[in-house]
There are 2 protein chains.
Amino acid sequence: MEGRLSERRRRLFSGASFSTALFFSGAIGGESESFRYFSGCSVDGCCLVLRKNGGVVLAYEMNYKAARAASHYSVRLLGPDATKALRKACGRGKVGFSSAEMSAARYLALKKRAKLKLVDAYEKIGAVRGRKSREEAAAIAAAAKITRRILEGLDPWKHRTEAGLCAHLKIRALEESCALSYEPIVATGANSRFPHHTPGNAKLADIVLVDFGVKKDGYCSDFTRCYFRKKGTKEEKAYLACKEIFGELAARLPECRNGRDVALLSEKLLAKHKLPAPIHSIGHGVGLEVHDYPHLGRKSTDSLEGAVLALEPAAYFKSFGVRFEGMVANTKGGWKLI
Amino acid sequence: MEGRLSERRRRLFSGASFSTALFFSGAIGGESESFRYFSGCSVDGCCLVLRKNGGVVLAYEMNYKAARAASHYSVRLLGPDATKALRKACGRGKVGFSSAEMSAARYLALKKRAKLKLVDAYEKIGAVRGRKSREEAAAIAAAAKITRRILEGLDPWKHRTEAGLCAHLKIRALEESCALSYEPIVATGANSRFPHHTPGNAKLADIVLVDFGVKKDGYCSDFTRCYFRKKGTKEEKAYLACKEIFGELAARLPECRNGRDVALLSEKLLAKHKLPAPIHSIGHGVGLEVHDYPHLGRKSTDSLEGAVLALEPAAYFKSFGVRFEGMVANTKGGWKLI
């Protein structure tokens, strides 16, 4: 673990404009994945102060013992004047943080009360976390394998409603000792035209869209499958076109260097198959978070080196929507489906 | 619904220093509970611009149709220049927002790019949401009833490990058509001394602490029970003392006006029972979020009017910890256990 953590520190501080970085772990239920990534442990309500050569975890009394038991870095107890202790631990230099993983309340307090010189290192932190190690890619592949097995064994119409099928998927994840990457989406009939539909009491109709991923050892997976009661319908044809686009896109990823290239290529492929212009991104990086670095979009210069992606070509019409989503990993040997 | 929403608007803007308020709903899986509270609906990736006399929901194309189907306010499509549209919708006056429910990234973008005059209305929003309507108190009581039933029917030692018992609790919530208020805590043996222990593969020992709550129709519950294989141990005695303190505290809540009063009273009661000084708060408000307004602590002037509270007297020792947590609601007739 020590080697892995020092490698992550090295990449974070290489060429950085800050000499210290600051990560917080969330309150109960919440998690800051960068805290986990850079500390190597997962404890509530703590702060990690990181430098090139090491780090220290600051913990309130409530979490102090748990932090001592779990942390690879030394742990310091936060007394009543936490602001002062934090300022002391950070020193006078510039302090990197992730604006996406910090509340505005915390940001304002650190700036005004602790008077830290904060530098938004969101992009840099994303780029470090985005390039997956072999162990991380393997953890994601393990989560992906379990998700595919659950989705391939699924007979939606054994369940009555969207909510019923959704509960079944959650139980399947628990049976596999997994958490959820996100709340599963189950959308039937016309509900399938809403990309992020919330499963309700709608009775399962002839088309069922399932967007589902499990989390194994902290790492996410993300897949979408559509199920059809009748073969050869226009709904099924649109779905098969999305599946074909997924395959073409995955095969041509070696042509792409960054998020923009993937977005442009996917637009071309959707047009070639005469599908409507997309209303959401073609996909996203996947890691400790289900929406992870790199971002895939027309403006994204995010690198694809070492990336794990979910690709999700989709088509939304007036009365229904379809989407096929699968995952690919960029390893030293090129791209492979996972 | 319209009456309920206009009442919420009235309370939000009464005496406020801002003329507009801004709420965002989270990305997939995330939720901003204030968006839900003030819009009356739950749709991904939208923005609610609220004024005293009404409001408008702004939605990207991806969520536009879903927002139209769910929202009580009119819905406007966000085109490519979302910043400009947002600035136009907010006008030139001061704009209230909740710093606890907004990422620093969004805060910085709204301030720098949209040039909004942001006012942190976190306290005000909390106070509005904290005073529960009869319907809200009933929803919380319904969630509480289900949780108590699950915990009272529990025989922990039918399960082998912390993680196994935790999975069982999650399945029980699903069987009751409920979500989780938070990730359940199951801690056995010495793990019980960590207030927010993460359930692992530890085999269930003679003491098992379970902190668990279900969410029904968006509203949370929060309970803790300890289970003992042997009666009359020092562990069980400490637990029964916590249970007694809970009862005394609940009975004496009419003496308290605010969060500070509850904190001071609980300190007195813990000392009377010769339990160690607490390492976490005596409790918290409960609502759409499990940690909701009011805050209970020495510095809190938060009002208890219409509040629903979780109270959790606890005692942590070197080799174990115990906690008893139950819920109370402040109705017009006084305080009652739920």
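How many salt bridges are counted between chain A and chain B? The count between these two chains is 0, where a salt bridge is a side-chain nitrogen of Lys or Arg within 4 Å of a carboxyl oxygen of Asp or Glu.

This is a predicted model, in which local features need pLDDT of at least 70, side-chain atom pairs count only at pLDDT 80 or more, and totals for chains, interfaces and linings use all residues. Residues are numbered from 1 along each chain as its sequence is written, chains are lettered from A and ligands numbered from 1 in the order in which they are written, and side-chain values use heavy atoms, with hydrogens and water left out.

**The interface between the chains**

The size of an interface is often given as the accessible area lost when the parts come together. Between chain A and chain B about 3,000 Å² is buried, with 74% of it on carbon and sulfur atoms; buried area here is the accessible area (1.4 Å probe) that two parts lose on being put together, summed over both. The side of chain A that touches chain B draws two or more residues from each of α3 (61-70), α5 (104-112) and α8 (162-175) of chain A, and α3(A) gives the most, with 6 residues. Helices (H or I, at least four residues) and strands (E, at least two) are DSSP runs, numbered from the N terminus. By class, this side has 20 nonpolar, 6 polar and 6 charged residues, with Ala, Val, Leu, Ile, Met, Phe, Trp, Tyr, Cys and Pro counted as nonpolar, Asp, Glu, Lys and Arg as charged, and the others, Gly among them, as polar.

Chain A can be laid on chain B with an RMSD of 0.0 Å by a turn of 180° and a shift of 0.0 Å along the axis, which is the relation of a two-fold axis; the superposition is by least squares on the C-alpha atoms of residues with pLDDT of at least 70 in both copies. Because 100% of the interface residues of chain A are also interface residues in chain B, the copies meet through the same surface.

**The interface between the domains of chain A**

Domain 1 (2-130) and domain 2 (134-337) are the two parts given by the domain assignment of chain A, the bounds coming from an automatic or database domain assignment. Their C-alpha centres lie 32 Å apart. In domain 1 of chain A, the residues that lose the most area to domain 2 of chain A are A:Glu33, A:Arg129 and A:Gly130, together 47% of what that side buries. A:Glu33 also forms a salt bridge with A:Lys215, the closest N and O atoms being 3.4 Å apart.

The table sets out the two interfaces, with contact meaning heavy atoms within 4.5 Å, and with a polar contact being a pair of N or O atoms within 3.5 Å, where within protein one must be able to donate a hydrogen and the other to accept it, and residues adjacent in sequence count only if both atoms are side-chain atoms.

| Quantity | Chain A and chain B | Domain 1 and domain 2 of chain A |
|---|---|---|
| Residues in contact | 32 residues from chain A, 32 residues from chain B | 10 residues from domain 1, 13 residues from domain 2 |
| Buried area | about 3,000 Å² | about 910 Å² |
| Share on carbon and sulfur atoms | 74% | 44% |
| Salt bridges | 0 salt bridges | 3 salt bridges |
| Polar contacts (both at pLDDT 80 or more) | 10 residue pairs | 3 residue pairs |
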